[in-house]
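User: Please take a close look at one helix in this model, and then describe a neighbouring topic of your choice, the strands.

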Amino acid sequence: MRAAGTPLTERPVWKALRAHHREVQELHLRRLFAQDPGRAERMTAEAAGLFLDYSKNRITDETLALLIRLARECGLREKIDAMFRGEKINVTEDRAVLHVALRAPRDATIEVGGENVVPRVHAVLDRMDAFARRVRSGAWTGHTGRRIRNVVNIGIGGSDLGPAMAYEALRHYSDRAMRFRFVSNVDGTDFAEAVRDLDASETLFIVSSKTFTTLETMTNARTARAWSVEALGGDEASVSRHFVAVSTNAAEVGKFGIDPANMFPFWDWVGGRYSMTSAIGLSTTIAVGPERFRELLQGFHEMDEHFRSAPFERNLPVLLGLLAVWYGDFFGAQTLAVLPYDQYLRRLPAYLQQLSMESNGKRVTADGTPVAYDTAAICWGEPGTNGQHSFYQLIHQGTRLVPCDFIAFAEPLHPIGRHHDMLLANMLAQAEALAFGRTPEEVAAEGTPERLVPHRVFEGNRPSNVLLAARLTPGTLGSLVALYEHSVFTQGAIWNLDSFDQWGVELGKVLAQRILPELEAEVLPPLDHDASTNALIRRCRSARGRRVNRVTAPKHGA
């Protein structure tokens, strides 16, 4: 474990990594591969249906040895064990962190406060299975007796990004007789477009909010309620047939008009961005069916067990996490590009944005000490090959170092002509080009005019990982998401962060609650913001025909 009071950057192993970085930072991947032909076979790892090739990283065997030593000295193994034991590793909220319990097998034992929570998890999963079967079969009908053909999930953050990403990723396996929509933004356009072509008598809303008080979610839920009730003749009794809840607040759920028997709970040891395998996955269960959802859980569990037990040298999440630390803290890389070469994974980068940036976007350690190093990278990306005609120019020839994760599948879900071979060829070519580039001599040898040679040189030495699986299935999706969950955990453990709170989202919410009545009031109340915010409030009111005749002194200067 890390010595008490010793800052990370003062650890001997951190200093050793700094010195090592100075030695290897100019080494080119062309040279590394030429000197070590076996690295392509050696620098790989495989688990839970995923194969990782990390040989195209700017590392040597010594780099790996130092990074693994860093993980050990930072207590990564102990922190992993503490999470799986149900200890309260979310220290600022005094909570356990047990998303791994959500996909544990029925006979497992994982305790929180002396209670084995696995039976409760499976009780909810069984209820989800039963409800999904009723909806999919038509046994659950709406208020007028018509079967449900449309499901609209209302949530935000993890209550939206997880289900929306999973639905897109697994659409191939979904019931195509049903339509699934996801509403998260408080912008009314999101709701209006989601329901514009839906028949209310055939529409089921899933309202996902742990407290049933989340501002954006409940605003959209109340709008959905009004839309549904009006379309169904104004009968308030219809709510119980067209709304169910994923929540823990039975009182508020009942007030809304939802039968508490149709409330699917989850627990405070499940963080929102880690909740897609909880009852938050109800829409996914309905879309793909209970059997497929259980396959998804199995994929998660297989990667959980790999992370928990595999040696760090062969541990996929640990390797990805350590490489993220290497590039972020020693090379100064600010971003990570996640590039899935599968159209079904088009929402995966957005999902991983929240997972990584909300978890580790912190400026203080778990004990409140300011950090002296960079933490989470900015995570972004688009599916290949679209991105190749968009931002790859910067990755290849720009001035910024952008580590990349390429994700692909050997077998297509839609074997249409040459499409999949072309897709794979492009992915492999991009990773090769990023690593090895093209020298001025190679460019000139192709007959390129001298004045164009500098423009056509590819420096190379741009690092990437390649993640391959046989096929995109529910199981491989589960393994993939769990891989990134535990990579984020690894990074947080190295940086000594609480990766499971998110206080950074609070201030904006508090200020919004102050500004809302100032925008809506018939007469402008006294304003006590900075000069810019005061002026913008008055301008917004004026644009909407509301009085702006009161001028107030700014709070933060003229």
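What should the 20 residues of helix H13 (residues 290-309) span at 1.5 Å a residue, and how far apart are its end C-alpha atoms?

Analyst: This is a predicted model, in which local features need pLDDT of at least 70 and side-chain atom pairs count only at pLDDT 80 or more, while totals for chains, interfaces and linings use all residues. Residues are numbered from 1 along each chain as its sequence is written, and side-chain values use heavy atoms, with hydrogens and water left out.

Helix H13 should span 28 Å, and its end C-alpha atoms are 28 Å apart, which agrees; the expected span is 1.5 Å times one less than the number of residues. Helices (H or I, at least four residues) and strands (E, at least two) are DSSP runs, numbered from the N terminus. The buried residues of H13 (under 20% relative accessible area, 1.4 Å probe, protein chains only) include Pro290, Phe293, Leu296, Phe300, His301, Asp304 and Phe307.

Turning to the strands, Phe243 and Ala245 point one way from strand S8 (residues 243-246), whereas Val244 and Val246 point the other way, and all are buried. In a regular strand the side chains alternate between the two faces of the sheet. Strand S7 (residues 203-208) runs parallel to S8 and is joined to it by four bridges, pairing being counted where DSSP finds at least two bridges between two strands; Val207 has Ala245 as its bridge partner in S8. S8 also pairs in the parallel sense with strand S9 (residues 263-264), over two bridges, and there Val246 is partnered by Phe264.

Definitions and conventions: Buried < 20%, exposed > 50% of the residue type's maximum accessible area, 1.4 Å probe, protein only.
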